[in-house]
Amino acid sequence: MGAQPLVDTYQRIHDNLRISVTDRCNIRCFYCMPEREVQFIERREILTYEEMARFARIAARLGVRKIRVTGGEPLVRRDLPKFIGMLAAIGGIEDLALTTNAVLLKEMARPLRDAGLRRINVHLDTLDRSRFLELTRRDDLPRVLEGIETALAAGFDSVKLNAVAVKGVTEPDIVPIARYCRERGMEARFIEFMPLDAQAIWDRTRVLLADDILGELAAAFGPLEPIPDPDPRAPASEYRYLDGGGTVGFIASVSRPFCLNCNRIRLTADGKLRYCLFAIEETDVKGLLRAGAPDADIEATIRKTVAGKWLGHEINSAKFVPPPRPMYAIGG
Ligand code: SAM
Ligand code: SF4
């Protein structure tokens, strides 16, 4: 505590850490993973919970206040509540959240809540079983829906729903997903398709843009108004339904990049520190952790990585080069 915050050369303060606990997943979303022969990281290369928690403690001393656990699918890693408990015990951490596909959430929601998890973002793109099978190559929609209901009953501070928006694919799902969330008091957040898929199918014409989704929602539910952002560093642009149906968000990385406000760093499951989802370079911290490096060396590595952060991704320029790792191996 009391250390200088993690600031980059553009004066952005970094207080938000995402930790990917695994690159494995129990479903195969077409915009993230290949259908078969997925190359997973070898188990011995994956950080232990103790190693990840040590990194998080050091990051907290440098001003990190929010941690989100992600993957791959974090619930496929054994004993996740134990890790959540380790993170919840770190002084200075004010927000502890999880991103999950919810296939295993029915069993895990209460143990996670009891361990200190505060918020959950569930990822679900469709409410139609055959479309779910088509999009994820797995027939798990009933389990996901049960998982969501269990999470809603478990007393989290918030349960939000993330849906990826892919042009020519997910249009039929927008209004049903929005209605499902309105009926449950959940916020739906539509995520523009990003160039992070393992099969290199992304191109600009396949991005279903936030403005187009807004148009569909307005046609179905009446007008929406933008909500002035209480936290300008949060990535979602939020809107309110004027009929009292709650709020909806857009993570519009392509049409409304939010790099200028970025406050995130990421630790991959195999111990690489990344200053951006789209970064090409990454910094090894596993070597330091496993060599018994003192905290001061790890602190210095975090500071140096943040100091070297670029201004932002260049998705909208001809210069853009996709990162060498797909989404499931980075931690979305
Ligand atoms: N398995 C968990 C899940 O699906 O929520 C956590 C990891 S997943 C990589 C995190 C988020 O990334 C999910 O909300 C998912 O929809 C999103 N995602 C994956 N591939 C994407 C892509 N190519 N473009 C935009 N979002 C993507
Ligand atoms: Fe798995 Fe999440 Fe990727 Fe879907 S988006 S394949 S659930 S890691």
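# Legends to close-up views of the predicted model

**Figure 1. The lining of the second largest pocket combines four nonpolar, two polar and four charged residues.** The structure shown in this and the following views is a predicted model. The space within the second largest pocket amounts to about 310 Å³. Its lining includes the arginines Arg 24, Arg 43, Arg 77 and Arg 78. The threonines Thr 22 and Thr 48 also belong to the lining, as do Val 21, Ile 46, Leu 47 and Val 76.

**Figure 2. Ligand 1 is surrounded by 18 residues.** Tyr 31, Gly 72, His 123, Val 164 and Met 194 are the closest of these. Sorted by class, the shell around ligand 1 comprises seven nonpolar, nine polar and two charged residues.

**Figure 3. Polar contacts of ligand 1 involve Tyr 31, His 123 and Met 194.** A polar backbone atom of Tyr 31 lies 2.9 Å from a nitrogen atom of ligand 1. At His 123 the partner is an N or O atom in the side chain, 2.7 Å from an oxygen atom of ligand 1. At Met 194 a polar backbone atom is found 2.8 Å from a nitrogen atom of ligand 1. Of the 540 Å² that ligand 1 exposes when taken alone, the protein buries 96%. Strand 5 (95-100), strand 7 (158-165) and strand 8 (188-192) are the elements that each contribute two or more residues to the shell around ligand 1.

**Figure 4. The shell around ligand 2 contains five nonpolar, three polar and no charged residues.** Three cysteines, Cys 25, Cys 29 and Cys 32, are among the residues around ligand 2. Ile 27, Met 33, Gly 72, Asn 101 and His 123 also belong to this shell. Gly 72 and His 123 are likewise among the closest residues to ligand 1.

**Figure 5. The largest cavity has a volume of about 40 Å³.** Rolling a probe the size of a water molecule over the atoms shows where empty space is left. Across the whole structure, the search returns two cavities of 30 Å³ or more. Residues lining the largest cavity include Asp 125, Thr 170, Asp 173, Phe 190 and Leu 208. The run Ala 163, Val 164 and Ala 165 also takes part, together with Ile 174, Ile 177 and Ile 213. Strand 7 and helix 6 (171-184) are the elements that give two or more residues to this lining. Its composition is eight nonpolar, one polar and two charged residues. Val 164 is also one of the closest residues to ligand 1.

**Figure 6. The second largest cavity also has a volume of about 40 Å³.** Its lining includes Ile 27, Cys 29, Asn 101 and His 123, which are also listed around ligand 2. Tyr 31, Leu 124, Asp 125, Phe 132 and Thr 136 belong to the lining as well. By class, five of the lining residues are nonpolar, three polar and one charged. Asp 125 lines the largest cavity too.

**Figure 7. The chain as a whole, for context, has ten helices and 14 strands.** Along the principal axes, its C-alpha atoms occupy a box of roughly 55 × 45 × 40 Å. The radius of gyration is 19 Å, which agrees with a compact globule, because a globule of 332 residues would have a value near 20 Å.

Methods
Residues numbered from 1 in each chain as written. Chains lettered and ligands numbered in written order. Predicted model: local features only at pLDDT ≥ 70, side-chain atom pairs only at ≥ 80, totals over all residues. Heavy atoms only, no water. Near = heavy atom within 4 Å. Polar contact = N/O pair within 3.5 Å; in protein donor to acceptor, adjacent residues only side chain to side chain. Areas by Shrake-Rupley, 256 points an atom, 1.4 Å probe, with all protein chains shown as cover. Helix = DSSP H or I, 4+ residues; strand = E, 2+ residues; numbered from the N terminus. Nonpolar A, V, L, I, M, F, W, Y, C, P; charged D, E, K, R; others polar. 1 Å grid on protein atoms, 1.4 Å probe; cavity = no way out; pocket = protein on both sides within 12 Å on 5 of 7 lines; lining within 4 Å. Points joined across faces, edges and corners; volume = space filled by probe spheres on them. Rg over C-alpha atoms; globule rule 2.2 N^0.38 Å.
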